Amino acid sequence: MKIFLLLKQVKNLLREHYFILVLGVFLTFLILSPVIFFPLVAKDSYQGINIAHFGTDAHLYLTRAQEAMEGHNLGNEFLAEGKDKVDSRFMYNEKILIAPLRFLGISNYLDVVTIYHIYNALGVFILVLLVYFFVWQLSGDKLLAAAAAVFAIGGYHIIYNKALFYSDFNIYGRAMFPYVSSLVFFTYLNLLVKSLKTKKIFYTVLTGAGLGLLFYVYFFAWSFALALNGALFILYAVKKDYQQVKNIFTVTALGVLIGSYYLIQMALFFSSAVGKQ
C-alpha cells in the first residue's frame with residue numbers, strides 16, 4: 001500500500017509540475033546541442049574529439065576524471081610524479097562520479113569525455129528542477145519559479161557577457177563546473193528552506209548533512225553557504241526569532257562538523273612546505 005501511495009504522490013507531483021519538466025528537457029538539449037551535433041556537422045573531418053570549447057578549465061576537469069578512472073589519486077594531474085600525494089584542490093567530485101564505473105569494472109572501456117557529457121545532461125536537467133523548486137518554495141508561484149530556473153541557467157551568459165546576444169556556448173555544458181557545485185548548493189538551499197519552514201529536527205539534521213557535503217565539492221560552495229547562514233543568523237537574532245537562530249546554528253555546527261576533515265586537511269596542507277609554495 002505504501003508503494004502505491006508513493007507512486008500516486010509522484011504521479012501527482014509530475015502532473016502538477018509537468019511544465020518545468022518539459023522546459024528542463026528542452027534547455028538541457030539546447031545547452032548540450034553543440035556536442036550532440038558537432039560530429040554530424042563535421043562528418044568525415046570528425047576525429048573522435050568532442051570537447052566543448054570553454055578554455056583550458058574543461059581540459060583540467062577531464063584530465064582529473066581520467067586520473068580517477070585509471071585509479072590514481074589527484075595529487076598531480078599534470079605529471080607522472082606525485083599523483084598519490086594530497087590533492088591541492090581538495091575536491092572529491094571526480095572520484096565520486098567515476099566510482100560507480102570502477103565498481104562495475106567498466107571504467108577502462110569508456111571514454112571519459114562521453115561519460116562527462118552524459119553526466120552533464122543529467123546534471124543540468126536536475127539543476128533546473130532544483131532551482132525551480134527552491135523558488136517555488138519561497139514564492140508559491142510556479143510560473144515565477146520556472147522563469148527563474150530557466151533564466152538562471154539558460155541566461156547565464158547574458159549576465160556574464162553583459163549582452164543579450166553572444167557567440168560562445170552556455171557554460172553549463174562544460175565538464176564539470178559550474179553544474180556540479182550548483183547541484184549540491186541548490187540541494188542545500190531547498191533543504192534549508194524546508195528546515196526553516198517546518199522547524200522539524202529531521203530536516204535540520206538533513207540540511208546540516210547537506211552543508212557538510214558542500215565542503216567536499218567546491219570551495220566556493222561551502223564558503224557561500226556559510227556566508228548565507230551567517231546573514232540569516234544575524235537577521236533572525238535581530239528579529240528575536242530564537243527558534244530559527246537555534247535552527248541555523250544547529251545546521252551550521254553540524255555542517256562544519258561533517259566538513260571538519262576537509263578543513264583539517266586543508267590547514268595541514270597549507271602549513272606544509274608544498275602548501276607554502
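Begin by selecting Lys-83, which in this predicted model is a buried residue with a relative accessible area of 14%, a value that falls under the 20% limit for being called buried.

Keep Lys-83 on screen and add Glu-67, because the side chains of these two residues meet in a salt bridge, with 2.8 Å from N to O. Glu-67 belongs to helix α3, whereas Lys-83 sits in the loop between α3 and α4, so this pair ties together parts that are 16 residues apart in sequence. Glu-67 is buried as well, at 9% relative accessibility.

Next, stay in helix α3 and select Arg-64, a buried residue whose relative accessible area is 0%. Which residues should you show around Arg-64? One of them is Glu-94, which forms a salt bridge with Arg-64 in which the closest N and O atoms are 2.8 Å apart. Because Glu-94 lies in helix α4 and Arg-64 in helix α3, the pair ties together parts that are 30 residues apart in sequence. Glu-94 also counts as buried, with a relative accessibility of 0%.

Another is Asp-87, whose side chain meets that of Arg-64 in a salt bridge of 2.8 Å, N to O. Asp-87 lies in the loop between α3 (57-69) and α4 (93-103), so its pairing with Arg-64 in helix α3 ties together parts that are 23 residues apart in sequence. Asp-87 is buried too, at 8% relative accessibility.

Finally, select Arg-64, Glu-77, Asp-87, Arg-89 and Glu-94 together, since these residues are linked in a network of salt bridges. How many salt bridges are found in the whole structure? The search finds six.

Terms used: Residues numbered from 1 in each chain as written. Predicted model: local features only at pLDDT ≥ 70, side-chain atom pairs only at ≥ 80, totals over all residues. Heavy atoms only, no water. Salt bridge = Lys/Arg side-chain N within 4 Å of Asp/Glu carboxyl O. Helix = DSSP H or I, 4+ residues; strand = E, 2+ residues; numbered from the N terminus. Buried < 20%, exposed > 50% of the residue type's maximum accessible area, 1.4 Å probe, protein only.
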